[in-house]
Amino acid sequence: MKKWAFMMLTALMMVSLLAGCGSKGTDSNTAAKGGVSSSDEPVELAFWGDWAGEGQKQFETMVDAFNKSQDKIRVKYVLQQDMITKFMTTATSGGEAPDLVFWDRWRTSLYAPKNVFHPIDEFMEQDQINKDDFYGEALKELSYDGKLYGLPLTVDARALFYNKKILDEAGVTPPTNWDELEQAATKTTKWNGSKLEVAGFSLADNGLFNMYLQQAGGQMLDETETKTNFNNEKGLEVLDFWDLLLNKDKVYKIGFEQGLGEGTDAFVTGKLAMQYTGPWMLSTYKKYGKDLDFGIVTPPVGPNGDKGSVMGGLGLVIPEGSKHQKEAWEFMKWWAANKDNALLWAKTSLNIPGFKPAIEDPFFQEDPLWKPFLDTLEFAKIRAQHPGYSVMEDDGLIPNLELFQQNKLSKEEALAKSQQRGDQLLQDNAVVK
Amino acid sequence: MLASIGKLNRHQEKMAYVFITPTLLLFAIFTVIPVVMALYLSFTNYDVLSRMDWVALDNYQRLFKDGLYWTTFKNVIFYSIIFVPLNILLSLGMAMLMNFKRFGIRLFRTMNYLPTLTSAVAAATVWIWLLHPEFGLVNNMLGWFGITGPAWLAQTETAMPSIIMVTLWQSIGSNMVIYIAGLQGVPDYLYESAKLDGASAFARFRYITWPQLRPTTFLISTMAIIGALQLFDQAFVLTQGGPGNVTKTPVYLIYQQGFKQLQMGYASAQAFVLAIAILIFSLINMRINKAEEPVV
């Protein structure tokens, strides 16, 4: 008898263990059903984002303002640290899909072809939203195959940050073209023997090749957007310029800024005179107030006067799996296509909104730190819309640029290898119809 | 009498199966089934979101032409060839030092074990600091001797050696503990009789300690090989695969292809080839260590 009781107990343990695994699934099913509401109760929307801390508070400010403005829709911000993976899980294995997703726009070209987002063209037409009110490049980045998938919340681009004190001491003015940039960088660089004390200009980020190439008058991909287009004289011009700065003028040392962040940032501590960075660094640098007196100018133009900067930013999209797409659109429209709300968002989060009427506000127009970014955004271009673009840069181009910088490859070899591997990566990661 | 022993054994056998069933079930659900699924996926163009069509050997054909994938393989093999022997050598050396019965030896053991307790990512972040070319402790110390240290993590020559150093620092502690346990399991009478026969300290190590530790060494080297070929965290934090792809690893590529580019089918094929490579290296290791032969 005892033996049997023991066997039963063990079996019971196993069953309960398995039940524990299964119960999660049923929970989420019932929750999904609960999402369908009756007519008089407000519709609840789940808004997913991966901003925590300060960013979460900024989102909640917007969500609260929207919830107070009407009584038909209730939005709730859901923090998802690993948002993309979570989103993929709900899209495939059931689960409750979010109604809105905070979206890194450059990912659109990878995800939109897989039909996971709902196009908003119809909504735009019904509510007569004027596309010209938004940054065209930002809308382009949210489009695929002639359909628009969301609205931009923020736009950004890199401009030239300079340390006023260091430039004054060296007797130089902020550069406007490559020649002036080279001279200013040379004059502000300070070496102590083999130790670099102040770097004139940051060459830490090889990913900015795109920006320099535009300034040299080039484009990363050809017109078909399927092949790289930098293995030519424009690309060589960029590498010549880098070689001049890094190896001849020695205004920078490889690895100089590695691991430095926030309070130890080389620009904050006065170890770096000039660098390309974006508006996301403004709040960090403003914190250091008097210790760091800095200015911003539009990126210097290339040898033939070409301007160049890369536009990026975030937007909102509505998943195809959402049960309340119309309500989600209402919230998106309220936030991204309304002057007052876009401005509230901009001031809360210290971002440039994608909605142009909001930028007319003196908050942006009269601030010497915002103005250069607005000017830069006028000519900034988004990254090429190819699902393999970022892989092409990360695995095809940048490694060869690093080898070039360390004199392991000649400039011709570096570009030829980048082209060969880059084209292959673009082909391997292209959209499969 | 005999019959009752047989009965008892049969009963114990039955109960043994009952007891290992939960573990085996979990193993099947979370390991065997996913592995079989991954094998199936490696023959499809699965992208998580929209498709899962049979593409036969397309992924494997692409893989053999994928120069970057083989570069990452070359990287981890280079890493393993240096890391695994050094790991065994240093952990064993450390274990023999820490095996003396002296006052305060436990404190030293603890201190040597400490690096293992920190998370790989946190430790790597601190090492980025220590290895900074201008402000890092390592180069500052070299500076006292008039040596200008390199940009450890940013230069192609020193990036991989730096990762080897950091990972060694972190893995020696736990292997040292395993070796200490192994050393304490070596019967004293063997040493005693060897001493009586006039064997030197080196001879005692060569003919007693080392052969007696064979199972321990096999365990440590196998785990080290698996870990080395699956290198990811430290390389990801310290260098992000750079400079010039010299520290990019297969696991990094698998992650990128699968989760960033949504090419799960291709990523599964990459993962399978990696698993087979690990199997091959483990078999070689088994041969070298003669793991199947009994310890005398």
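Helices (H or I, at least four residues) and strands (E, at least two) are DSSP runs, numbered from the N terminus. These names are used throughout the following report, which concerns a predicted model.

**An exposed loop residue in chain A**

In chain A, A:Asn304 belongs to the loop that lies between β12 and β13 (310–311). Is A:Asn304 buried or exposed? A residue is classed as exposed if 12 or fewer other C-beta atoms lie within 10 Å of its own. A:Asn304 has 11 C-beta neighbours inside 10 Å and therefore counts as exposed. Along the chain, A:Asn304 and A:Lys333 are 29 residues apart, and 41 Å separates their C-alpha atoms.

**The sheet that contains β12**

Strand β12 of chain A, which precedes that loop, is part of an open sheet of 5 strands with the order β9-β10-β11-β8-β12. The pairing in this sheet is mixed. Its edges are formed by β9 (190–192) and β12 (294–297) of chain A; each has a single partner strand, so one side of each has no neighbour in the sheet. On average, and with direction ignored, neighbouring strands of this sheet are turned by 25° against each other. Edge strand β9(A) runs antiparallel to β10(A), and 3 bridges join the two. Within this part of the sheet, A:Lys190 is placed opposite A:Val198 of β10(A).

**A second open sheet in chain A**

Another open sheet of chain A has 5 strands, arranged in the order β2-β1-β3-β14-β6, and its pairing is mixed. Which strands stand at the edges? They are β2 (73–79) and β6 (150–152) of chain A; each is paired with a single strand, so one side of each is left without a neighbour in the sheet. From one strand to the next, the twist averages 25°.

Strand β1 (residues 43–49) of chain A runs parallel to β2(A). Here A:Gly49 has A:Leu79 in β2(A) as its bridge partner. Strand β1(A) also pairs with β3(A), again in the parallel sense, and A:Trp48 has the bridge partner A:Val101 in β3(A). Strand β3 (residues 100–104) of chain A is mostly covered, since 4 of its 5 residues are buried. Strand β3(A) is further paired with β14 (residues 314–317) of chain A, in the antiparallel sense. In that pair, A:Asp104 faces A:Leu314 of β14(A).

The table lists strand pairs from the two sheets.

| Strand pair | Direction | Bridges |
|---|---|---|
| β1(A) and β2(A) | parallel | 7 bridges |
| β1(A) and β3(A) | parallel | 2 bridges |
| β3(A) and β14(A) | antiparallel | 4 bridges |
| β9(A) and β10(A) | antiparallel | 3 bridges |

**Two packed helices in chain B**

In chain B, helix α4 (residues 105–117) packs against helix α7 (residues 156–184) at an angle of about 125°, and their axes are 7 Å apart. Angles over 145 degrees count as roughly antiparallel, 65 to 115 as roughly perpendicular, and the angle here falls in neither class; α4(B) and α7(B) are therefore oblique to each other. Their crossing is left-handed. On the side of α4(B), the contact involves B:Asn112, B:Tyr113, B:Leu114, B:Pro115 and B:Thr116; these meet residues of α7(B), among them B:Trp169, B:Gln170 and B:Val177. The contact of α4(B) with α7(B) is made up of 6 nonpolar and 5 polar residues, with no charged ones.

**Backbone features of loops in chain B**

Two residues of chain B have a positive phi although they are not glycines: B:Val48, at about 75°, and B:Leu262, at about 60°. B:Val48 is located in the loop between α1 (2–41) and α2 (58–65) of chain B, and B:Leu262 in the loop between α12 and α13 (264–289) of chain B. How many C-beta neighbours does B:Val48 have inside 10 Å? There are 19, so B:Val48 counts as partly exposed. B:Leu262 has 22 other C-beta atoms within 10 Å and is therefore buried, as the cut-off for a buried residue is 20 or more.

A cis peptide bond, with omega about -15°, joins B:Gly242 and B:Pro243. B:Pro243 is in the loop between α11 (233–238) and α12 (250–260) of chain B.

**The contact between the chains**

Between the two chains, 32 residues of chain A are in contact with 30 residues of chain B. On the side of chain A that touches chain B, at least two residues each are supplied by α1 (2–34), α3 (83–92), β10 (195–201), α17 (389–405) and α18 (411–428). Which element of chain A gives the largest share of this side? It is α17(A), with 5 residues. By type, this side of chain A consists of 14 nonpolar, 10 polar and 8 charged residues.

Note on methods:
Residues are numbered from 1 along each chain as its sequence is written. Chains are lettered from A and ligands numbered from 1 in the order in which they are written. This is a predicted model: local features need pLDDT of at least 70, side-chain atom pairs count only at pLDDT 80 or more; totals for chains, interfaces and linings use all residues. Two residues are in contact if their C-beta atoms, placed from the backbone, lie within 7 Å. Ala, Val, Leu, Ile, Met, Phe, Trp, Tyr, Cys and Pro count as nonpolar, Asp, Glu, Lys and Arg as charged, and the others, Gly among them, as polar. Axes are lines fitted to C-alpha atoms, for helices over the stretch in contact, and angles run from 0 to 180 degrees between N-to-C directions. Angles under 35 degrees count as roughly parallel, over 145 as roughly antiparallel, 65 to 115 as roughly perpendicular and the rest as oblique. A crossing is left-handed if the near helix is turned anticlockwise from the far one by less than a right angle, and right-handed if clockwise. Two strands pair if DSSP finds at least two bridges between them.
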